[in-house]
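Q: Hi, could you walk me through this structure step by step? I would like to start with how its parts are counted.

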Amino acid sequence: MSVPIFLLLAVLTVASALVIVIHRNPIYSALGLVSTLFLMALLFVGLEAHMVAVLQIIIYAGAIVVLFLFVIMLLNLQVEERETVSRPLIGAAVAGGLALGLLVLLGIGLTPLAPPAPVQPGYGGTQPLAERLFTAYLLPFELTSLLLLVAIVGAVVVGKRQA
Amino acid sequence: MAVDVAIACIKAVVMLLIALQVMAMGVYFERKVSAIIQDRIGANRASILGFAGQGLINTLVADPLKFLLKEDVRPDGADPFLHTLAPLAAVIPALAAFAVIPFGDVLEIGGRTINLQAASLDVGILYILAMASLGVYGVVLAGWASNNRWSLLGGIRGSAQMISYEIAMGLALIGVVLTYNTFDLQEIARRQGELIWGWLPAWGVIYQPLAFLILFAAGIAESKRIPFDLPESESELVSGFFTEYSGAKHLMFMMSDFVEVVLVAALVTTLFFGGWQVPYLGREGFHFPWGSSIALPSLVVAILQIISLSVKLIFFTWLQIVIRWTLPRFRYDQLMRLGWKGLLPVSLLNVVVSAALVLMREGRA
């Protein structure tokens, strides 16, 4: 991925992430989340990880956030009320945020980075991914599916109890 | 470099034109086939210089023009930004999904070998699922942004329905992927050019009949057409999620509806009915099973394949419209029961049986 395209995507991603936090309307926040996830999928495409990119869109942008929207609409959430905050508090928050950002930048700048490991072309494709997933990482993979099964059973139990 | 870009653009335009032409045929069928089924004459009023073309002028010229010229009404209290975004969010993913549908094998021209597919992705099938799952935002946003109870109910129904049927759709596709061992739609289409017993084209429907039925049913549900049109059900919800849309925005919702119909047809054709394959037509021409063969230049082969794909697309579009005008609408609980208790277990069964058959074929069990 060329640097200008990466920078454009990065700026857009951060901007939509800010919309999630800052916007007062929960629907717009959820849409900001969709936009962030979609742009992250595009960043994955830039890393040649097509499989991860498409799964990101199908699962997160296409299913999970739709359920978020579904719940927001069912509960009929209104525009969020802002509490008035005193000026010194705002100043302290901005100063603290800037200091934290500076510290993170300093930390990244001072850490010696190893040169990136060489990768084969097509390393992010379906087959290399599946090979790793079903050989080296088979146990974590199966344990994750077990975890999801437990979560589904738990959801059914909780739902039955209330009915 | 410039030539490569030009070729990529031309391929995208060709695929888009195929899709939009079939969509226009779909709109025409919708008016005329319904008329025949209901023993009416159907659209026949508009004409240009006395030429009505059996209602063609009505459906393809007068109707879109009427929509474009109508006033764009936005109800009080509707969210202006999202109200405008929703029709775009409905139609763009549906059109983008056509990028991975192959419309021919390869074209050899001027020393180049061009793969006749707008975007060759190794995750082709998943890309279509991703675009289909993004289509739901159009419905949900239209429902919410209209500031209307009917619209909101339609939008909520639509989101629940589309997520439910996506699962059955994805599981049906797993059977196909197991059979062909690839996600690439072009590769799947090529494999269907093989012959069983030397004469029967190895179309996917022969290997995966159950997956075809599940995918077709789930596809109609995804495109929100009768018998699955609960999101718009005009007898209860006026017009569902697009009640408050008029003019060009309404036209865009209508267009996304029909583009999705063509997309289902394209998916079914490519996965189960050979896509662009013409029986016995190879890259150099026809090779009939009784021994004779006809040599053809590459360009003629490519054109025959595009025609073959178009004919199959028109057939499956027509079939969906006949289904739409034949079956009554489901109740909402029937819809959910069919999705979760009918299609889902059957598609899981299809995955297990397909996996067992693939193992047996490869002699590993």
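A: Helices and strands are taken here as DSSP runs, at least four residues for a helix and at least two for a strand, and they are numbered from the N terminus. Please keep in mind that this is a predicted model.

Q: Okay, so how many helices and strands are there in chain B?
A: Counted in that way, chain B has 13 helices and six strands.

Q: And how compact is chain B for its length?
A: Its radius of gyration is 22 Å, close to the 21 Å that the globule rule gives for 365 residues, so chain B is as compact as a globular protein of that length. Along its principal axes, the C-alpha trace of chain B spans about 65 × 55 × 50 Å.

Q: What about chain A, which elements does it have?
A: Chain A has six helices and zero strands, and from the N terminus on its elements therefore read α-α-α-α-α-α.

Q: Is chain A compact or spread out?
A: The radius of gyration of chain A is 21 Å, well over the 15 Å from the globule rule for 163 residues, so this chain is more spread out than a compact globule. Its C-alpha trace spans about 55 × 55 × 25 Å along the principal axes.

Q: Which domains is chain A divided into?
A: There is domain 1, covering residues 1–80, and domain 2, covering 125–163. The centres of these two domains of chain A, taken over C-alpha atoms, are separated by 23 Å.

Q: Switching topic, how many residues does the contact take from each chain?
A: The contact takes 23 residues from chain A and 23 residues from chain B, and the two chains bury about 2,100 Å² between them, with 79% of it on carbon and sulfur atoms.

Q: Which helices of chain B supply that side?
A: At least two residues each come from α3 (80–96), α4 (124–134), α5 (136–145) and α6 (149–180) of chain B. The residues on the side of chain B that touches chain A divide into 18 nonpolar, two polar and three charged.

Q: How many salt bridges and polar contacts are counted between the chains?
A: Between chain B and chain A the count is zero salt bridges, while two residue pairs are in polar contact.

Q: Then how many salt bridges are there over all chains?
A: The count over all chains comes to nine. One salt bridge is formed by E260(B) with K224(B), whose closest N and O atoms are 3.2 Å apart.

Q: Where do those two residues sit in the chain?
A: E260(B) is in helix α11 (residues 247–272) of chain B, whereas K224(B) is in the loop between α9 (209–222) and α10 (234–237), so that this pair, 36 residues apart, links distant parts of the chain.

Terms used
Residues are numbered from 1 along each chain as its sequence is written. Chains are lettered from A and ligands numbered from 1 in the order in which they are written. This is a predicted model: local features need pLDDT of at least 70, side-chain atom pairs count only at pLDDT 80 or more; totals for chains, interfaces and linings use all residues. Side-chain values use heavy atoms; hydrogens and water are left out. Domain bounds come from an automatic or database domain assignment. Contact means heavy atoms within 4.5 Å. Buried area is the accessible area (1.4 Å probe) that two parts lose on being put together, summed over both. A salt bridge is a side-chain nitrogen of Lys or Arg within 4 Å of a carboxyl oxygen of Asp or Glu. A polar contact is a pair of N or O atoms within 3.5 Å; within protein, one must be able to donate a hydrogen and the other to accept it, and residues adjacent in sequence count only if both atoms are side-chain atoms. Ala, Val, Leu, Ile, Met, Phe, Trp, Tyr, Cys and Pro count as nonpolar, Asp, Glu, Lys and Arg as charged, and the others, Gly among them, as polar. The radius of gyration is taken over C-alpha atoms; the globule rule is 2.2 Å times the number of residues to the power 0.38.
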